[in-house]
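User: Hi! I am new to reading protein models, and I would like to go through this one step by step. Could you help me?

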Amino acid sequence: MKIQNDNQWLYTISSKHKLFALNFKEIWRYRDLLAMFVKRDVVTLYKQTILGPLWYLIQPLFTSVIFTLVFNNLGNISTGSIPPFLFNLASITAWNYFKECLTGTSNTFTKNQAIFGKVYFPRVIMPMSVTISNLLKFGIQLLIFLGFYLYYFIVGSSVEMNLNILLFPVYVIMMALLGLGLGMIISSMTTKYRDLHVLVGFGVQLLMYLSAVPYSVAEARLKFPEFVVPFVEYSPLTQIIEGFRYMLLNSGDFSWMSFTYTLVSSFVIFLLGLIIFNKTEKKFIDTV
Amino acid sequence: MNDIILKVENISKQYRLGLIGTGTLRHDLNRWWYKIRGKEDPFLQVGEVNDRSVKGESDYVWALQDINFEVEKGEVLGIVGKNGAGKSTLLKILSRVTAPTQGEVKTKGDIASLLEVGTGFHPEMTGRENIFLNGAILGMTKKEIKQKLEQIIAFSGCARYIDTPVKRYSIGMRVRLAFSVAAFLEPDILVVDEVLAVGDAEFQKKAIGKMQDISQGEGRTVLFVSHDMTSIEALCSRVIVLQNGKIALIDTPQKAIEFYLKSDQTDDEINYVNVRGDKQFYIKKITINGGHNRNNIVKSGSSIKMKFELNKGLLPEELKKIAFYLIIKNELQSPVLTLSNMYDSSFEYSKIATRYLECEIKGINLTEGRYSVTTWLTFNNALSNQINDAFVFEVIQTDFYKTGKMPSPREHGYMLLNQNWSCS
């Protein structure tokens with residue numbers, strides 16, 4: 001009766017870990033939990049507020065107005081034939097999704113230590129749920145953008161989409177992967193030393209200015225000091241924001257080269273994030 | 001038979017004490033440097049045995065060391081130990097919350113834990129929504145929860161509030177709801193850590209009953225940690241005693257509990273300081289169950305032997321004028337009962353000089369709690385020697401009535417009496 005091969009065991013708990021130990025089967029088994037977390041985030045966000053989801057609209061609208069005033073009116077940054085407000089709104093809509101994913105996942109371990117310290121479930125469910133529930137916010141902001149788009153279209157401004165719009169889902173995925181990947185890296189690294197946590201707040205701000213959010217890459221090439229330009233050009237985020245504006249507003253430029261570069265680097269950062277996250281999740285509760 | 005569902009091999013867990021700061025970084029770099037050269041972690045060699053009360057030299061401590069055991073399918077394994085013996089660390093490793101420093105745990109079934117109920121409740125969501133959320137966190141699928149929803153709500157007794165946000169709940173109601181969700185889990189191995197000490201008396205009874213159902217009725221494998229010896233004795237088939245992070249004993253519940261209680265006694269000496277009386281005769285030394293501890297831990301229903309040494313030998317006629325009383329008081333300092341040689345008709349005065357008085361109680365019929373004993377020695381009706389709170393015995397609940405049910409001292413009084421019930 002006593003046949004005991006090691007492969008009979010369902011799973012093993014030990015201190016050793018594989019470099020890449022993501023158990024997809026297990027995540028699939030916990031899919032209902034993922035759905036519950038997403039539901040929780042969505043349902044509870046507006047409890048006891050008067051304006052509710054309207055808050056989502058106010059923030060990008062006001063930021064766009066300010067950006068237009070400061071960068072375009074005051075700073076004379078050219079947006080070509082595109083209305084500056086629409087240009088900024090497009091950039092901010094895209095940027096916000098990335099930003100929300102990054103900041104929402106960058107404190108996964110510290111924020112959830114109470115629950116992580118008591119029950120086991122695949123930890124990666126938590127940041128994944130943040131990324132998914134942020135999609136809703138992104139959707140709402142995209143709707144308001146489309147509203148203004150329509151308005152400018154009717155008024156007769158020169159706005160047009162191009163065929164790249166077919167790549168829209170890919171861009172969303174890239175933003176999600178980037179935000180999630182970076183977020184997981186930061187959350188893993190802040191479990192023991194909180195230094196990075198301090199950085200996230202203003203780091204995100206800096207990244208925004210470096211990633212061609214309030215200006216186009218062409219403008220950057222024209223006006224930035226030479227040594228800064230590569231930073232702007234090679235930031236995968238720049239390519240995403242620029243690509244986003246390209247397909248929606250037909251402004252700026254697009255090349256399959258840079259598209260592939262962005263796609264690959266998003267995946268690399270995401271995988272790197274997963275690896276670091278997996279390495280951390282086993283023992284973080286002792287050091288957090 | 002002999003179907004091993006869980007195997008724990010050489011589990012050790014090291015913790016770093018103190019604060020995390022710049023100094024930690026130095027150790028981390030050091031460790032990393034060893035690691036990339038393929039060497040063993042240098043700090044694994046320096047850890048000390050985990051004794052909470054003794055201040056150690058090293059910053060590293062072994063919370064668990066070389067833990068080995070196997071659990072068979074359908075078994076209920078109890079884990080007992082003092083605070084800080086490593087019980088919770090062991091459960092945390094078993095429930096995959098943290099990884100061991102060394103060693104492996106192999107399992108053939110899902111492990112779900114009831115470590116602490118109520119984590120993962122979202123205050124803004126209704127009770128119903130929270131049942132789904134909490135169930136999912138514990139590993140249930142939506143379908144499973146839906147099937148059991150009515151049962152869960154009924155068991156919690158919160159039906160009226162089920163569509164109200166949990167933030168409006170009282171603490172007790174939250175605990176009830178949380179336990180109810182967890183109680184309807186169906187893992188292969190269930191890990192339970194002290195969750196029964198929740199809710200009011202009525203719910204506690206319900207919870208313990210449910211635990212018994214799970215372990216005995218449904219034949220589930222259960223790992224059960226508790227300080228409550230009654231439930232350990234009633235529920236478990238084997239018990240592990242942990243001491244300073246090591247396994248001290250694995251045995252039947254009776255033997256393990258006995259071993260644990262003995263090991264748990266502290267070494268404080270009996271105090272003879274708190275004294276009144278003319279001290280013509282006085283108690284010089286007290287021996288309880290062969291020891292000289294001030295704190296004595298006894299199981300309810302077990303026997304206790306006390307021996308009192310007097311300062312000098314008593315002549316037979318002197319002895320006849322002696323009355324010796326032991327006043328047993330409860331935690332509230334109210335007397336529960338008094339023992340005395342005056343109350344024993346079979347007490348025989350010896351013909352020669354005596355130095356020792358002895359008293360044996362067969363079966364302490366007291367409910368759990370701390371009882372202090374004041375000794376009172378009179379000679380010729382005059383107080384000769386009184387020692388207030390000379391010693392203490394802590395009565396630990398066991399399955400006195402052999403039914404798994406015990407009255408609680410505060411509500412039901414301090415006495416236990418064997419009784420016969422019948423119906424006609």
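User: What percentage of the 288 residues in chain A do buried residues make up?

Analyst: Happy to help! This is a predicted model, in which local features need pLDDT of at least 70, side-chain atom pairs count only at pLDDT 80 or more, and totals for chains, interfaces and linings use all residues. Residues are numbered from 1 along each chain as its sequence is written, while chains are lettered from A and ligands numbered from 1 in the order in which they are written. A residue is buried if 20 or more other C-beta atoms lie within 10 Å of its own, exposed if 12 or fewer, and partly exposed in between, with C-beta atoms placed from the backbone. For chain A, the buried share of the 288 residues is 39%.

User: How many helices and strands does chain A have?

Analyst: Helices (H or I, at least four residues) and strands (E, at least two) are DSSP runs, numbered from the N terminus. The C-alpha atoms of chain A fill a box of roughly 80 × 50 × 35 Å, taken along the principal axes. Within chain A, the count is 14 helices and 1 strand.

User: Where does UniProt place the feature "transmembrane region" in chain A?

Analyst: UniProt positions are given in the numbering used here, feature names are shortened, and annotations may be inferred rather than shown by experiment. The entry is unreviewed. According to that record, the places in chain A are residues 54-74, 135-154, 166-186, 198-217 and 254-277.

User: What is the span of helix α3 of chain A, from its first C-alpha to its last?

Analyst: Helix α3 of chain A covers residues 54-74, so you can compare its span with an expected one, which is 1.5 Å times one less than its number of residues. With 21 residues, the expected value is 30 Å. Over residues 54-74 the chain is 100% helix and 0% strand. The span from first C-alpha to last is close to that expectation, at 29 Å.

User: At which residue does α3(A) bend?

Analyst: A bend is the angle between axes fitted to the seven residues ending at a residue and the seven starting there. In α3(A) this angle is about 25 degrees. Further along, α3(A) is followed by Asn76(A), with a positive phi near 55 degrees. The bend itself is at Thr68(A).

User: Which helices are included in what covers the buried residues of α3(A)?

Analyst: The buried residues here are Tyr56(A), Pro60(A), Ser64(A), Phe67(A) and Thr68(A). An α-helix has 3.6 residues a turn, so residues three or four places apart point the same way. The cover of the buried residues of α3(A) includes two helices of chain A, α4 (84-105) and α7 (125-155).

User: Which element gives the largest share of the side of chain B that touches chain A?

Analyst: Two residues are in contact if their C-beta atoms, placed from the backbone, lie within 7 Å. By that rule, 35 residues of chain B are in contact with 30 residues of chain A. On the chain B side, β5 (102-107) and α3 (127-137) are the elements that give two or more residues. The largest share, 6 residues, comes from β5(B).

User: Which residue in β5(B) does Thr12(A) stand opposite?

Analyst: Two strands pair if DSSP finds at least two bridges between them. Here 4 bridges join strand β1 (residues 11-14) of chain A to β5(B), and the strands run antiparallel. Opposite Thr12(A) stands Lys106(B).

User: At which residue does helix α4 of chain B bend?

Analyst: Helix α4(B) covers residues 142-156, and its bend is about 55 degrees. Its buried residues are Ile145(B), Lys148(B), Ile152(B), Phe155(B) and Ser156(B), and they pack against α3 and α5 (171-183) of chain B. Just after α4(B), Gly157(B) has a positive phi of about 70 degrees. The bend in α4(B) is at Lys148(B).

User: Why does strand β17 of chain B lie largely in the open?

Analyst: Strand β17(B) covers residues 354-361, and 7 bridges join it to strand β14 (residues 304-314) of chain B, with the two running antiparallel. One bridge pairs Leu314(B) with Thr354(B). Strand β17(B) lies largely in the open because, of its 8 residues, the number buried is 0.

User: Is Arg276(B) buried or exposed?

Analyst: Arg276(B) lies in strand β11 (residues 275-276) of chain B. Leaving aside neighbours within four places in sequence, Arg276(B) is in contact with Leu383(B) and Gln386(B). Because Arg276(B) has 12 C-beta neighbours inside 10 Å, this residue counts as exposed.
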